[in-house]
There are 2 protein chains.
Amino acid sequence: METTINISENKETKKGKAPLLVSSPKAAVEPQPKRGFKKGLAIFDFLLRLCATGAALGAAATVGTAQQTLPFFTQFFQFQAQYNDLPTLVFFLIAMAVVSGYLILSMPFSIICIIRPYATTPRLILVVFDTAMAGLTIASGSAVAAIMYLAHNGNSNTNWLPICQQFGDFCQAVSGAVVGSFIAGTLLLFIIILSAFILRRSS
Amino acid sequence: METTINISENKETKKGKAPLLVSSPKAAVEPQPKRGFKKGLAIFDFLLRLCATGAALGAAATVGTAQQTLPFFTQFFQFQAQYNDLPTLVFFLIAMAVVSGYLILSMPFSIICIIRPYATTPRLILVVFDTAMAGLTIASGSAVAAIMYLAHNGNSNTNWLPICQQFGDFCQAVSGAVVGSFIAGTLLLFIIILSAFILRRSS
């Protein structure tokens, strides 16, 4: 008679343990394929970050080295153009240097997010700084774009003459840098949206 | 003897049901105070959105109506300044109108997110468009800031003379609008970071 009692108790214990296994470990709540998907998104984030670093560094280097000296000069003056002739270009150079530095420093955090796709704290830190840096990149790129438009076309209403007729090579180099900065800014915006998808609760 | 078997079975059934209750409904996984916290964040998001709308609309209206006619004129020409003298200001006006329109249209989604703080799809839609609009706001504001810096100070290297000595009131109005657009842009960046915190898995 006692043996039958033991058997019935064992059955109930097994029934009781099954849901316990479901509720406690994370791997069961968020299944394996989804974990792989999140890891893929994190790796994509790292690759985008690499591209953005390249674009920002390229933009900074292009503006920093862009220099043009005209072949003719007067007794007192030599016609020369470089980045520190325009305060906006100085701002652009500093902003691109800051963004490049941040992007390089952010890579260890991005790698942590690849190793642990469910860690939210490093991801949130990345989102906060990414947003600030995206703002800085777009602001500096856009300011230089406005000035370069003026340098190419001038403005008859305000009597600002185009300078790119004389300094064509300089203008081309800076315009290329503007494109680079906009690529970096767009990539950063994509990284922010990607982070939002990674942070999304898998419910 | 049979009664004692029944009692032991009931005990086991209760033990088995307890974890089942924990794992199935959402309210148990994410407790009530946290739900209130998320709701509070969603309401804060709505308020920030209202402020950003005000700032963007104000900036658009200020630039659109800024106009100054100088008190002297020649036989052929009257000195007048308004937004369509500078292409950057036209871009700024369009961008601010688009951002204001988007912010007003986004409010129903923001209200849905207040009512259902755990709905991720409307929140993700908001994040994607907020990011794009933050980029547009900062780009247009920054472009006008660069042009206005030039209008205030001029640039001796490129022979661009300051025009704000003549058109002081016009320059002041546009500079105010730039401040408004930067406020709107900063609020949008805050809204993106806030959305990331709301989307964060509560694990």
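Read from the N terminus, the elements of chain A follow the order α-α-α-β-β-α-α-α. That makes 6 helices and 2 strands for chain A. Please keep in mind as you look around that this is a predicted model.

Let us begin with chain A as a whole. It has 203 residues, and 48% of them count as buried. Among the contacts in chain A with a separation of 6 or more, 77% are between residues 24 or more positions apart. On the outside, chain A exposes about 10,200 Å², and carbon and sulfur atoms supply 68% of that area.

A good place to zoom in is the pair of helices numbered 4 and 5. In chain A, helix 4 covers residues 87-115 and helix 5 covers residues 121-153. How many aromatic pairs are there over all chains? The count comes to 2. One of them is formed by A:Tyr102 and A:Phe129, whose ring centres are 6.3 Å apart; the planes meet at 35 degrees, so the pair is tilted. Because A:Tyr102 belongs to helix 4 and A:Phe129 to helix 5, this pair ties together parts of chain A that are 27 residues apart in sequence. The two partners sit in unlike surroundings: A:Tyr102 counts as buried at 12% relative accessibility, whereas A:Phe129 counts as partly exposed at 44%.

Chain B has an aromatic pair too, made by B:Tyr102 and B:Phe129, and it is tilted, with 6.3 Å from centre to centre and 35 degrees between the planes. Here B:Tyr102 lies in helix 4 of chain B and B:Phe129 in helix 5 of chain B, so parts 27 residues apart in sequence are tied together. B:Tyr102 is buried at 13% relative accessibility, and B:Phe129 is partly exposed at 44%.

Back in chain A, A:Phe129 has another role to look at. Together with A:Phe109, A:Ile112 and A:Ile125, A:Phe129 forms a nonpolar patch on the surface, with about 340 Å² of accessible area together. Which elements give two or more residues to this nonpolar patch? They are helix 4 and helix 5 of chain A. A:Ile125, for example, is found in helix 5 of chain A, and A:Ile125 is partly exposed, with a relative accessible area of 36%.

Charged side chains come next. The structure holds 6 salt bridges over all chains. In one of them, the side chains of A:Arg49 and A:Asp45 meet at 3.3 Å, N to O. These two residues are 4 residues apart in helix 3 of chain A, which spans residues 32-65, so about one helical turn separates them. Are A:Arg49 and A:Asp45 buried or exposed? Both are buried.

In chain B, B:Asp45 forms a salt bridge with B:Arg49, and the closest N and O atoms are 3.3 Å apart. B:Asp45 is buried at 0% relative accessibility, and B:Arg49 is buried with a relative accessible area of 0%. B:Arg49 also meets B:Asp130 in a salt bridge, at 3.0 Å from N to O. Since B:Asp130 lies in helix 5 of chain B and B:Arg49 in helix 3 of chain B, this pair ties together parts that are 81 residues apart in sequence. B:Asp130 is buried as well, with a relative accessible area of 0%. In chain A, salt bridges that share partners join A:Asp45, A:Arg49, A:Arg123 and A:Asp130 into one network.

Finally, turn to the cysteines. There are 2 disulfides over all chains. In chain A, a disulfide joins A:Cys164 to A:Cys171, with 1.9 Å from S to S. The torsion about this S-S bond is about -85 degrees, so the disulfide is left-handed. A:Cys164 counts as buried at 11% relative accessibility, and A:Cys171 is buried at 0%. In chain B, the sulfur atoms of B:Cys164 and B:Cys171 are 1.9 Å apart in a disulfide, and this link is left-handed, with -85 degrees about the S-S bond.

Why does A:Cys113 have no bond to A:Cys51? The sulfur of A:Cys51 is the closest cysteine sulfur, but it is 18 Å away from that of A:Cys113, too far for a bond. A:Cys113 is buried, with a relative accessible area of 3%. In chain B, B:Cys51 is in no disulfide, and the nearest cysteine sulfur, that of B:Cys113, is 18 Å away. B:Cys51 counts as partly exposed at 46% relative accessibility.

Terms used. Residues are numbered from 1 along each chain as its sequence is written. Chains are lettered from A and ligands numbered from 1 in the order in which they are written. This is a predicted model: local features need pLDDT of at least 70, side-chain atom pairs count only at pLDDT 80 or more; totals for chains, interfaces and linings use all residues. Side-chain values use heavy atoms; hydrogens and water are left out. Rings of Phe, Tyr and Trp (its six-membered ring) pair if their centres lie within 6.5 Å; planes under 30 degrees apart count as stacked, over 60 as edge-to-face and the rest as tilted. Buried means under 20% relative accessible area, exposed over 50%, partly exposed in between (1.4 Å probe, protein chains only). Contact means heavy atoms within 4.5 Å. Accessible areas come from the Shrake-Rupley method with a 1.4 Å probe; for residues, only the protein chains shown count as cover. Patches are made of residues with over 30% relative accessible area and no salt bridge: like charges are joined within 9 Å, nonpolar side chains (Val, Leu, Ile, Met, Phe, Trp, Tyr) within 5 Å. A salt bridge is a side-chain nitrogen of Lys or Arg within 4 Å of a carboxyl oxygen of Asp or Glu. A disulfide is a pair of cysteine sulfur atoms within 2.5 Å.
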